[in-house]
Amino acid sequence: MLYREAGDFKTSYAADSQTFPIAFDRYRYWAVLAVAFLVVPFFVNDYWANAILVPFLIYAIAAIGLNILTGYCGQVSLGTGGFMAVGAFACYKLMTAFPDVSIVIHLILSGVITAAVGAAFGLPSLRIKGFYLAVATLAAQFFLVWLFNRVPWFYNYSASGQINAPERTVFGVPVTGPNTEAWAQYLICLVFVTVCAIIARNLTRGTQGRTWMSIRDMDIAAEIIGVNPLKAKLTAFAVSSFFVGIAGALFFAVYLGAVEVGEVFGIQKSFLVLFMIIIGGLGSIFGSFAGAAFLVILPVALKLVGVDLLGWPTDLVAHLQLVIIGALIMFFLIKEPHGLAQWWRVAKEKLRLWPFPY
Amino acid sequence: MKDTVDSYVTADGRTIGGVMMEMRNITLRFGGVKAISDISFDIREGEIRAIIGPNGAGKSSMLNVISGFYHPQEGEVWFRGAKRPTMKPYQVAQQGIARTFQNIALFEGMTVLDNVMTGRLNKMKVGMFGQAIWKGAAEREEVENREAVERVIDFLEIQAIRKTPVGRLPYGLKKRVELARALAAEPKLLLLDEPMAGMNVEEKEDMSRFILDVNDEFGTTIALIEHDMGVVMDLSDRVVVMDYGRKIGDGTPDEVRNNQDVIDAYLGVSHD
Amino acid sequence: DLVIPDLSYRTGPYAAGGTPVSDGYQDYFNMLNARDGGVGGVPFRIVECETGYNTEKGVECYEATKGEGALIYQPLSTGITYQLIPKVTADNIPLHTMGYGRTSAANGEIFRNVFNYPANYWDAASVAVNYLLDENGGSLDGKTIALVYHNSAYGKEPIRTLEALSEMHGFDFTQIAVDHPGQEQKSQWLQIRRERPDYVLMWGWGVMNQVAVQEAANIGFPMENFIGNWWSGAEHDVTPAGMAADGYKSLNMNRVGDLAVFDDIKTLVHDAGNAAGDGSNLGSVLYTRGMYAAMLAAEAVAKAQEIHGVAEITPAMMRDGMEALEITEERMAELGMAGVGPAFSVSCADHGGSGLGIVQQWDAAAGNWVALTDYIAPDDSVTGPLIAEDSAAFAAENGIEPGCS
Amino acid sequence: MSADFLYGIEVVINGLMAGVLYALVALGFVLIFKASGIFNYAQGVMALFAALTLVGIMEGQVPFSHLINAIFGTDLHYFGWTVPALLAIAVTVVIMIFFAWAVQKFVFRHLVGQEPIILFMATIGLAFFLEGVGDLMWGSDIRTIGLGLPQGGSLWIEEATASLGGDDFYGFFLDKLDILATAVAAVLVAALVAFSQYTKQGRAMRAVADDHQAALSVGISLDFIWILVWSIAGFVALVAGVLWGVKSGVQFSLSLIALKALPVLMLGGFTSIPGAIVGGLIIGVGEKLFEYLVGPLVGGATENWFAYVLALIFLVFRPQGLFGEKIIERV
Amino acid sequence: MLDSGEQSVETLLEVNNIEVIYNHVILVLKGVSLTVPKGGITALLGGNGAGKTTTLKAISNLLHSERGEVTKGSIEYRGEPVADSSPSELVKKGVIQVMEGRHCFEHLTIEENLMTGAYTRRDGGAAADLEMVYNYFPRLKERRKSQAGYTSGGEQQMCAIGRALMSRPETILLDEPSMGLAPQLVEEIFGIVKNLNEKEGVSFLLAEQNTNVALRFAHHGYILESGRVVMEGPAAELRENPDVKEFYLGMSDEGRKSFRDVRSYRRRKRWLS
Ligand SMILES: Nc1ncnc2c1ncn2[C@@H]1O[C@H](COP(=O)(O)OP(=O)(O)OP(=O)(O)O)[C@@H](O)[C@H]1O
Ligand SMILES: Nc1ncnc2c1ncn2[C@@H]1O[C@H](COP(=O)(O)OP(=O)(O)OP(=O)(O)O)[C@@H](O)[C@H]1O
Ligand SMILES: [Mg+2]
Ligand SMILES: [Mg+2]
């Protein structure tokens, strides 16, 4: 068996707290990265990029963001769509106001702006908890969407209120606008995902992560042992919104290229990202990826099977799709309430014990 | 009230210092319920102070007042010679007061190690950006604190369950992890709410040993609530007895044991 | 094959609108296949893709179908249209947004691959006002017109035009926004009841239409003074309100009625079991519109074949065909669709068609729409400058050099 | 009295009525939350499904006809009969009870003791599922409910009050449907309050919400309680679906009324039946008045977000909502 | 009902060699067998994590919601397997469990909590029994209108026990009843146990850490370590066993030793070596 930790001794605490304590996991991680960076860009075409990879990567960032807030800090938020909109509009305003500044900086700044907005909307979380908070975050969702729809300054007074991403380049290669090629779209998202995931992992494995988790698991006890709840919650809102904002900006600038706020960043988006982290696994970075992959790929796969393979009418397939996705969500929750990430962990635990069942 | 200045030496040779914490005329009401009425007592530097009394007497509420979770309607809390203003619990914790809880309050989603590490949150200074980068300051700090935590873990003999999520642990071990978390904060004053509940004699012996050692080795002052009279009488230097929110006795274990009010209200038959 | 993707939505909040359009669109192509073997001897192949009116699914559908040699996209959603404008430009595939989408795309010098003939929202607003002018003996001075609109990009489209028109003709113009989805419009209609505008125009979609018609009836607003645009004037918008909806008016860009071509569709498609839907929508407003769109596409195919002299055309050739499209009364009659739309011709400078529309009225007892007018022309002097301004802004933002090459 | 003032009153009254309609949806939420701690996102879809089923049965539509036709190449649509309203309602109620049973048996029984957010997710899954099934069963056309419920402004009230203001005042507008809804809601609330506060099952229901495990251990059958509660919620959904469906036709968007009920719930408290009504009234009046007074200044369409913001403001002062059970925070 | 005093040989509850696994991977009980005779008080002793709670939950079928399952062995109540009965059916059959850690219904008042205990009853005697419980626990009567969530730990413990009594059970599974109770209350509770057992013939299976008291009141005892039964016998015998004496009763040869004097390293339990 390859998968063993025996012989894989840790000699320092630093080694013990690394992300993949088991050597085999570490190799797999590097292999995945290598394929993602060095192989995929050469094979990716428009369909793969636009229908699967780019949305997957962007949703993964959003899911990581929400996971920090909900999975790690325990504050359920249904305002993700609204915060993504903040990122998108911030990016649009920056792109059009400072055309000469690099898009990468704009993207990061969009995250920063969203972080500020997110922290502001996180203020009530000090008093309001649980589902009350979840519902309260809808105030952010509806208000932000309304605002972006209502105030022409945000969409540069265009007639319809739509925003369009002009062409911007990185190292001379266009990454936004109509002339962007699939691989460039894919790569910029990949870079952001990778950096975001590493940052998220670093934040969650140390003090900050433990502060958040203590608030999540029992906020009163956390406060009594010395956690400042306001600070902990606001940082969670801010960091989470930072990621979500970047995701929103990428979603607009790189993926869609044009956005109508109510349609793209409506409440459905908030739910979708929440699904991702719950199906993937609350409090798990890997789960954010798994959940995003699952919910991006599943509908496409179901459509392929239903329409292309079986040749059924599209509306029937779409309805069945709802039935199947709904049933699958329930099935997954029943089988493993802690998400795909937990599945993976149990599988590994079994593998480690193999061939003994326990 | 006892003389608050003098220090004294106990029978087994430990020196008890001056007053560290003093509760003055504390009254705490919840709507119509008076959980604590006009209670005063003090805790001295280095001593083990027990609070006993029947169920619902207000013992846990008193600990909650000390740790800033409840704010009494009347009375003052003096800590290290100064009157403590109304504080948030986390500010109290930052002053060096750590505690365990009667209904275990561990962070169920985290491993034992992480739980104990949370005890050191106030010792960690690297900011968020440092942590985001990890390499360098954050990692160094993590390792330093991890070492301190490992010492606590060794001390309490919970090495084997380091990486277990606490949700899976049996009750008794959870109590021990809670103690570890409190100890990791290196508190000056340690508050224990029924640390031995749900343990058998063997485990109580272990726990007693830990409590004594903490007191001995680190000089930590300890206030504990306990219903096992054997433990209370053996471990504590002085005992406060509460009943229905009132104080009905305060003194050395022997004094308390022979106090008729205490016998009537709490001990029933004499215990030994 | 001539590949025609159909980005339909038969599910979700707008299914009731999306289904008949898609049925009509597909049935017409199928009829051509059955009757003429397609166009120029090449059959059509329809690739249906369900978008659910959702932008991301729209993008997915676009990417999934474009590889098959898709000749023309008709996404039937303003949101998806905006997404596809840059993409089709890069991929050089024509996009036809009939009576929706980006109005300023009528400027073909800037939006080379986007067509929105025969009419757009700004035309619609102007047509409605012209109709009212006509009703009022040429003057709207002192009248008030309220616009009830879906609070989205789509709903906001006519505002500028109406503002310009109100200045020009001296009527008072009030805007009343309804938030998505529009299930609850009490405030809006109480406001109308208070302010008693002379006319109410509506830019609605989905459930908003049904609720608005019902609420108008509830407050007793005279139905004949209530005019919806062409996305607020289908049968299902008025039937839930029953008899109360009688007299409600709406614009239309295609005339409804018994067209000769329906016989062919019935026999060759429906009876042959090839209907895209259950066949029950035949002849309805939106079905006819879908069919009309298909006819315009088929005509453009024929034109492209004629220009380039090949039968198996490419998307780029299709674009040329669309840009050279010419629809005459005779041709429509020949196709069995006399008067279904106005006659118009397309050019590089003008992708927007003639912009004509009719006003129709609901007859609740008979359960059908009755055309009240002939095709009414919009006021190009109002819409023209707006189009020029908006498209120029787009060109500037995206570094596009206007021109016909 | 000045016309403006009277119009203000009219807005308030209509806000109250709209609030009642919101509350009808919120009631279903409250019931299920109270009995199981499940935040039932599917309540809106249940309303849609119930209303669709009612119409489908009344019109004698063949369920799943589209699917059957697609698979077997048949051409089924209608049975060719129509069913009287009362019978159709009875059948629909039976179907909703069956649905409650199935939900319990196949889903929530297996999720006993899970965290609230997991249960919440499961209800979202359920919402998808039910939406798909509803569409498959009855198609996605817009349907009209033929129950002949009254609708339109009450002329009597309008005429009786027209003389109150000056020339600019046209009398109060009150929708007959809203008046009916108010009556229905009042009856429902009274019945539900009595049930949950004064019966054994009501007490058991609240016990279950607090602690599934403990409820099991004292012998409360979660299955029974939950089926009971979901059935009642199904019935409430039917009522809400019908009343809303009359306004807009029965169609997909009915499922979105859940979003109008959420601020109501939040304001009234997730666990309080009277709270649902009071919350509904406050939200109804609040959002209508805001739209009336402030809306014109900021461009209107404020109702969606203002309802949430209003609820949020209340929550900051009472984190458990006006009537919700106090959140117990102890160590 | 059974005559008091006479030890019946009829077994009420029989646990046969059960294995319990949590989360599909954590093996907790490795073959536990025990019997509870009708009208007896059986004590289940053992250290932290020995598996006492798990055993009780396995019997009352409460494992399911904790993602645990019985993978081997069988449990029979009055000769019928219980694996397929839901917890509420078991309560109807007369088996009720008082869970470790109180588990009161926080938002219900004390009185409502007690009334939920009578949920399965059809005989209408709940009111009388409420008085009985208040007699046992006067403190509860004082706090009857308070929400359980706001009562002290001990009050909640009383509430949990009282609630179980309200169902008039035939068998009570008591998980750590003494935990967090003041000493005289512990005596009282065991007095109640004894009383019910003798007067009403209620059988008990109690998991206890307070070995001292448990063995004083129980008839029979089992000692569990790491998921296995390591010792069993009549309570009186166990009380005299030197190992039990040392490790569970805290008695050394010289009598009870002070908690201050246990710092030296102790001998290992013989049955584990
Ligand atoms: N839900 C769970 N998931 C995983 N492991 C569990 C779970 N519950 C208990 N365990 C494990 O099962 C073992 C036995 O636990 P149990 O609670 O039965 O012990 P106990 O004898 O009651 O101990 P205590 O006296 O401390 O209550 C422990 O090692 C514990 O770690
Ligand atoms: N937050 C609160 N709200 C209302 N009443 C409270 C609250 N906290 C405590 N009480 C009441 O105050 C009294 C004292 O409670 P406390 O928890 O301090 O008792 P205790 O002495 O710790 O008892 P035990 O030994 O049973 O733990 C109890 O009657 C309890 O019901
Ligand atoms: Mg206490
Ligand atoms: Mg236990």
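Let us start where three protein chains meet: ligand 2 lies between chains B, D and E. The model is a predicted one, in which local features need pLDDT of at least 70, side-chain atom pairs count only at pLDDT 80 or more, and totals for chains, interfaces and linings use all residues. Residues are numbered from 1 along each chain as its sequence is written, chains are lettered from A and ligands numbered from 1 in the order in which they are written, and side-chain values use heavy atoms, with hydrogens and water left out.

Now look at what surrounds ligand 2. Around it are 22 residues, where a residue counts as near if one of its heavy atoms lies within 4 Å. B:Ser60, B:Ser61, E:Arg143, E:Tyr150 and E:Gly154 come nearest. Helix H1 (59-66) of chain B and helix H6 (153-165) of chain E each supply at least two residues of this shell; helices here are DSSP runs (H or I, at least four residues) and strands are runs of E (at least two), numbered from the N terminus. By type, the shell holds five nonpolar, 11 polar and six charged residues. In this scheme Ala, Val, Leu, Ile, Met, Phe, Trp, Tyr, Cys and Pro count as nonpolar, Asp, Glu, Lys and Arg as charged, and the others, Gly among them, as polar.

Next come the polar contacts, which for a ligand are pairs of N or O atoms within 3.5 Å. A polar side-chain atom of E:Ser152 is 2.8 Å from an oxygen atom of ligand 2. From chain B, a backbone N or O atom of B:Ala57 lies 3.2 Å from an oxygen atom of ligand 2. The protein covers 95% of the 630 Å² of accessible area that ligand 2 has on its own, as computed by the Shrake-Rupley method with a 1.4 Å probe.

Let us move on to ligand 1, which sits between chains B and E. It is surrounded by 20 residues, and B:Arg168, E:Thr53, E:Thr54, E:Glu100 and E:Gln209 are the closest. Seven residues of this shell are nonpolar, eight polar and five charged.

Which atoms of B:Tyr171 and ligand 1 are 3.0 Å apart? They are a polar backbone atom of B:Tyr171 and an oxygen atom of the ligand. On the chain E side, a polar side-chain atom of E:Glu66 lies 3.3 Å from a nitrogen atom of ligand 1. Of the 640 Å² of accessible area that ligand 1 has on its own, the protein covers 87%. Helix H6 (171-184) of chain B, together with strand E2 (26-37) and helix H1 (52-60) of chain E, are the elements that give two or more residues to the shell around ligand 1. Of these, H1(E) gives the most, with three residues.

Notes: A polar contact is a pair of N or O atoms within 3.5 Å; within protein, one must be able to donate a hydrogen and the other to accept it, and residues adjacent in sequence count only if both atoms are side-chain atoms.
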